[in-house]
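Here is a walk through one protein chain, written for someone who wants to follow along on screen. Have the sequence and the 3D view open side by side.

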Amino acid sequence: LYSANLIYSLSEKTNIRLAATRTLARPNMRELAPFEQFDTKNGFFNLGNPALQRTLIDNYDIRYEFFPDLGEVIAVSAFYKQFRNPILRRFSPTATIPELGYINIGKANVYGLEFEFRKNLGFLGNVARNLYLGANFALIKSAYDIPADEVAASKQIDPSYDLSTRPFQGQAPFIVN
């Protein structure tokens with residue numbers, strides 16, 4: 001899988017970084033298992049799908065970094081990820097007993113901004129010279145097309161249903177560390 005990284009130094013204290021990588025995610029055993037398992041706690045069947053394919057992920061990042069002092073950084077990044085054949089947990093809209101299974105869909109996209117800050121605490125005195133305060137915050141937007149049969153089943157239940165996309169499953173809209 002490819003990986004390319006480029007760092008352009010604007011000055012002694014600032015960089016622009018560009019990165020492009022491809023990664024993959026393979027289905028886990030539960031997702032692939034060729035059997036049903038009844039979840040007694042939640043009252044539905046979990047179905048494995050031995051036909052699942054791996055997910056390929058193309059990642060693109062651009063980052064501006066400023067280094068106020070040794071070991072310190074203030075940075076802002078933008079990123080974009082395109083998932084091909086992502087694996088989603090899916091509710092079967094036609095099952096008589098609720099079923100949750102796994103499917104591949106065509107694609108999903110995730111993009112966002114990240115802010116990072118790291119500051120040496122030495123200004124508090126000699127005892128703190130080896131301590132750093134760090135934080136980062138990411139805003140994340142994700143989307144995938146809802147499978148057509150799920151949209152059709154939802155319209156049978158609620159004729160006013162008009163969603164065609166939704167956020168990528170499991171993706172938080174923000175992360176704070």
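What follows goes from the overall layout down to single residues.

## The overall layout

Keep in mind that this is a predicted model. The chain has two helices and twelve strands. If you read from the start of the sequence to the end, the pattern goes β-β-α-β-β-β-β-β-β-β-β-α-β-β.

How does the radius of gyration of the chain sit against that of a compact globule of 177 residues? The chain has 22 Å, whereas such a globule would have a value near 16 Å. Along the principal axes, the C-alpha atoms fill a box of roughly 65 × 35 × 35 Å. As for burial, 32% of the 177 residues count as buried. Looking at contacts with a separation of 6 or more, 57% of them come from residues 24 or more positions apart.

## A four-stranded open sheet

One open sheet is made of four strands in the order β3-β4-β8-β7, and its pairing is mixed. Strands β3 (36-39) and β7 (87-91) sit at the edges, each pairing on one side only. From one strand to the next, the twist averages 30°.

Zoom in on β4 to see the mix. On one side, β3 and β4 run antiparallel and are joined by four bridges; Glu36 has Leu47 in β4 as its bridge partner. The hairpin of β3 and β4 has four residues between the strands, and Gly43 takes a positive phi near 75° there. With β8 (residues 99-104), strand β4 (residues 44-47) pairs in the parallel sense, over two bridges. Look for Phe45 here: it stands opposite Glu99 in β8.

## Aromatic pairs

There are four aromatic pairs in the structure. One of them is Phe38 with Phe45, an edge-to-face pair at 5.0 Å centre to centre with 65° between the planes. Phe38 is partly exposed, because its relative accessibility is 41% and that class runs between 20% and 50%.

Tyr144 and Phe168 make another pair, with ring centres 6.4 Å apart. Why is this one called edge-to-face? The planes stand at 75°, and anything over 60 degrees counts as edge-to-face. Tyr144 lies in strand β10, while Phe168 is in the loop between β11 (165-166) and β12 (174-176), so the pair ties together parts that are 24 residues apart in sequence. Tyr144 and Phe168 are both buried, and together with Phe83 they form one aromatic cluster.

## The largest nonpolar core

Which residues make up the largest nonpolar core? It has twelve: Ile57, Phe79, Phe83, Leu88, Ile103, Ile105, Ala108, Val110, Ala138, Ile140, Tyr144 and Phe168. Strands β6 (73-84), β9 (107-120) and β10 each supply at least two of the core residues, and β10 gives the most, with three. As background, nonpolar side chains tend to be buried together in soluble globular proteins.

Tyr144 is a good residue to click on, as it belongs to this core and also to the aromatic cluster. Leaving aside residues up to four places away in sequence, Tyr144 touches Leu88, Ile105, Lys107, Ala108, Ser164, Thr165, Arg166, Pro167, Phe168 and Gln169.

## Two more residues to look at

Ala135 is also found in strand β10 (residues 132-145). Is Ala135 buried or partly exposed? Its relative accessible area is 37%, so it is partly exposed. Not counting residues up to four places away in sequence, Ala135 touches Phe115, Glu116, Phe117 and Asn177. Gly122 is 13 residues from Ala135 in sequence, and their C-alpha atoms are 17 Å apart in space.

Asn85 lies in the loop between β6 and β7. Most residues other than glycine have a negative phi. Asn85 is not a glycine, yet its phi is positive, at about 60°. With a relative accessible area of 26%, Asn85 is partly exposed.

How values were computed
Residues are numbered from 1 along each chain as its sequence is written. This is a predicted model: local features need pLDDT of at least 70, side-chain atom pairs count only at pLDDT 80 or more; totals for chains, interfaces and linings use all residues. Side-chain values use heavy atoms; hydrogens and water are left out. Two strands pair if DSSP finds at least two bridges between them. Axes are lines fitted to C-alpha atoms, for helices over the stretch in contact, and angles run from 0 to 180 degrees between N-to-C directions. Buried means under 20% relative accessible area, exposed over 50%, partly exposed in between (1.4 Å probe, protein chains only). Contact means heavy atoms within 4.5 Å. Rings of Phe, Tyr and Trp (its six-membered ring) pair if their centres lie within 6.5 Å; planes under 30 degrees apart count as stacked, over 60 as edge-to-face and the rest as tilted. A nonpolar core is a set of buried Ala, Val, Leu, Ile, Met, Phe, Trp, Tyr and Cys residues joined through side-chain atoms within 4.5 Å. The radius of gyration is taken over C-alpha atoms; the globule rule is 2.2 Å times the number of residues to the power 0.38.
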